[in-house]
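Visitor: I would like to learn how the words used for a protein structure are earned. Could you take me through some of them, please?

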Amino acid sequence: MSIPSLLLVQPGLCTACRSCEVACHYHHTRRFGAGRNSVHISYHGDTSDLEIAFDESCDVCLGEERPLCAEFCVPGAIRVQLVEGAR
Amino acid sequence: MSDTIWAGRILWVDLTRREIRVEPTADYRSYAIGGRGIGQWILFREVAPGTDAYDPANVLTLGAGALVGTLAPASGRLSVDTKNPLTGGVCASNAGGHFAPELKYAGYDAVVIVGQSPVPVYLWIHDGQAELRDAQDLWGLDTWQTEAALRQRLGDPNVRVVAIGPAGENLVRGACLIADRARAAGRGGAGAVMGSKRLKAVAVRGTGELRPAEPEAFLQEVRRCNAKLLASQIIGAYRAGGGMRFAGAGGPDGTFPQAVRNYRDCYWPLEKSRRIYEPALKAGYEVRRLGCFNCPISCSHFYAVREGPYAGDAGEGFEINSARAFGSNLDIDYAPAIIAAHNYCSRMGLDVDMAGACLAFAFEAYERGDLSRAEANGLDLSWGNHQAALELLRAIVERRGVGDMLAEGVKRAAEALGRGSERYALHVKGADLNEASMRPMKAWALGIILSTHGGGHLDGAPGAWAWRGQEDLARELFGNPRPGAAGEYRNQARVVIWFENYKGLIDMLGLCYFTSMWLDALALTPDDYAALLSAGSGQAWSGAELMRRGQQLHNVQKAFNTLHAGHTRRDDRPPPRLEEPAQSGPFRGERLDPQRWEEMLDEYYQAQGWDLETGWQTAESLRALDLEEVSAKLQAYGRLK
């Protein structure tokens, strides 16, 4: 799993709310769930450590106005990286 | 397959017969909507008056609201409804976390549990399947151990668990359910009911999905609602520091009214509150901020203690009520001890409010000489003694010595202890009380005392803070430009009723109260919630219709209390301690005047159309709400006016 180059990920800001997972599932299906998401939050309740990972099904929200995981990540743990030449 | 945003099915589990069946949610959708609505309607119909809370015939429901599992903001709430072992009336408890959305993804909107298993069991729900499994080896584990054991056993770290700990197993009347290690369905003793049924946990995993009727319109409504929430200054303060910064340990400047030394006072000296308030905790202990499912606010904190006698203690969900219960109300200003007490309650499955009230009661009894050191398990229960507080908590969970008496809650403990201790037993309708600001804020106190589950601020209690600068809107909604204002007894009934109904609709949808006008008048209105429900369900809902459903729900719960607990007007009065004036600080001299309180009750009952003498509902008031079913049952038991 790797992080798409368009996205800037800062796990330290993540609150483990999983909005990104639900928004991602929505992108793939136009439905709500947490089975078809490309982004995955793994939270460890004993330490509050967590990981944010993307699997190969991520298409960086092709067809959406902007990546939905970043749009709905209020704490800013996933953001769209402003890279010259990116869409 | 889901029924738009509803999973479409309700799971019924009979623990006595080990039978599992399903019924369609559609039978309830139009009037009960979801969450607390479905839970309370089932409770009202299924449990006969006279049934003890621990009787196998009591019903325990776990319900996900209609918007749970969608992208609607903070849409992860779980309603836990049952007969309340503390009050004999309703338990209507509510937890965040991730269990409720997982339940819907697994194919169920609610779980209804009846009966009693002969041996400990857990319920395993996964993608439309449900089965009871042996939990004898889990009995005795705390909630954190239980979650870890079930995830390992089921081979999936994404399994969500709601469990009881030793407090529920030992039938501590204030035992609660814990999900995700710190999300408590706290008030109302549902953990004890679950323990009486020998149901250790419910584990759930779902990979299914919900199908909004109008996906694009729904997403637009979510964007609009999120923008409103993020524009709010008050919600901004919550995002920055959680509820703790807003009102914990004296609030931002230390003067926010608290409960101090078993409510003798409502002001804690600044040098003490500033050891506990949010900036101090952030600097000393905060590791991460956290949020429940899909929450744009993320009010939760993960605190870790690194040195001193509580080094190694770490956990989440520390809130205002923990700071009060184990801080100001026990006069303990040592933050690590308060964090440790909070985490202990999460692990044991014990309601912080109940636990704190029991401790404060015992500390005062000890100070007065009504409880000797020998009777107090040899503990020195002097104000501020945190080691003794933690040890007494353990005694309550394990029902050792004086802990066995306190495990029944302060009302029953005072009856057992005698010696005049009833006058400082802080409870409402039998439910232990842990609230702030009740002396100066009259409408806030009214909303707390009238809460059908026995003393709680997350119902009809209006916060004055939400309405500053919004006088015109308040006048339009309530006929009162200053809802909840300090010192104001009059013209508050309509405000309290409005919030009772509003909270009902929010709990039916399964969203957090922090998205609402309870926190900020500029947050989500009934029409905003209706717009989300309309786009999700494909049926046109208005805010007014949802408010009416909320009012019906409140009346169902009120009727349950009348039928089951025999509550009358006398149960709508505050504990005597609050009639005594505050002793120091900005609110010195403030109290709840008994005469003025009666005037408030008159105004409230009149506005509800209820009987002034008994406080009971009337045939006319229930007819106006199309609640003939409720009316007929009250009539049959001779409790309708």
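Guide: Gladly. In this predicted model, H7(B) passes H20(B) in a left-handed crossing.

Visitor: What makes the crossing of H7(B) and H20(B) left-handed?

Guide: The rule is that the near helix is turned anticlockwise from the far one by less than a right angle. The crossing of H7(B) past H20(B) is classed as left-handed, so that is the sense of turn here.

Visitor: Where do these two helices sit, and at what angle do they cross?

Guide: H7 covers residues 215-231 of chain B and H20 covers residues 526-537 of chain B. Their axes come within 8 Å and cross at roughly 160°.

Visitor: Why is H7(B) called roughly antiparallel to H20(B)?

Guide: Angles over 145 degrees count as roughly antiparallel. The axes cross at roughly 160°, which makes H7(B) roughly antiparallel to H20(B).

Visitor: Which residues make the contact?

Guide: From H7(B) come Ala217(B), Phe218(B), Glu221(B) and Cys225(B). H20(B) brings Asp528(B), Ala531(B), Leu532(B), Ala535(B) and Gly536(B). By class, the contact has six nonpolar, one polar and two charged residues.

Visitor: How do you know that H21(B) and H24(B) are roughly parallel?

Guide: We can use the angle again. Helix H21 (residues 543-564) and helix H24 (residues 628-636) of chain B pack at about 10°, with their axes 10 Å apart. Angles under 35 degrees count as roughly parallel, so H21(B) is roughly parallel to H24(B).

Visitor: Which residues meet there?

Guide: Asn555(B), Val556(B), Ala559(B), Thr562(B) and Leu563(B) in H21(B) meet Val630(B), Lys633(B) and Leu634(B) in H24(B). They divide into five nonpolar, two polar and one charged.

Visitor: Let us turn to strands. What makes E14(B) and E16(B) the edges of their sheet?

Guide: Three strands of chain B form an open antiparallel sheet in the order E14-E15-E16. E14 (286-290) and E16 (314-316) each have a single partner strand, so one side of each is left without a neighbour in the sheet. From one strand to the next, the twist averages 10°.

Visitor: How do you know that E15(B) and E16(B) pair?

Guide: Pairing requires at least two bridges. Three bridges join E15 (residues 300-304) to E16(B), and the two run antiparallel. Ala304(B) stands opposite Ala314(B) in E16(B).

Visitor: What about the pairing of E2(A) with E13(B)?

Guide: E2(A) and E13 (residues 209-210) of chain B have two bridges and pair in the antiparallel sense. The cut-off is at least two bridges, so two bridges are enough for E2(A) and E13(B) to pair. Gly33(A) stands opposite Glu209(B) in E13(B).

Visitor: How many residues does each chain bring to the contact between the chains?

Guide: Chain A gives 20 residues and chain B gives 28. On the side of chain A, the largest share, five residues, comes from H1(A). That side divides into 10 nonpolar, seven polar and three charged residues.

Visitor: Finally, which elements does chain A have, and why is chain A called as compact as a globular protein of its length?

Guide: Chain A has two helices and five strands, running β-α-β-β-β-α-β from the N terminus. Its radius of gyration is 12 Å, close to the 12 Å that the globule rule gives for 87 residues, so chain A is as compact as a globular protein of that length.

Note on methods. Residues are numbered from 1 along each chain as its sequence is written. Chains are lettered from A and ligands numbered from 1 in the order in which they are written. This is a predicted model: local features need pLDDT of at least 70, side-chain atom pairs count only at pLDDT 80 or more; totals for chains, interfaces and linings use all residues. Axes are lines fitted to C-alpha atoms, for helices over the stretch in contact, and angles run from 0 to 180 degrees between N-to-C directions. Helices (H or I, at least four residues) and strands (E, at least two) are DSSP runs, numbered from the N terminus. Angles under 35 degrees count as roughly parallel, over 145 as roughly antiparallel, 65 to 115 as roughly perpendicular and the rest as oblique. Two residues are in contact if their C-beta atoms, placed from the backbone, lie within 7 Å. Ala, Val, Leu, Ile, Met, Phe, Trp, Tyr, Cys and Pro count as nonpolar, Asp, Glu, Lys and Arg as charged, and the others, Gly among them, as polar. The radius of gyration is taken over C-alpha atoms; the globule rule is 2.2 Å times the number of residues to the power 0.38.
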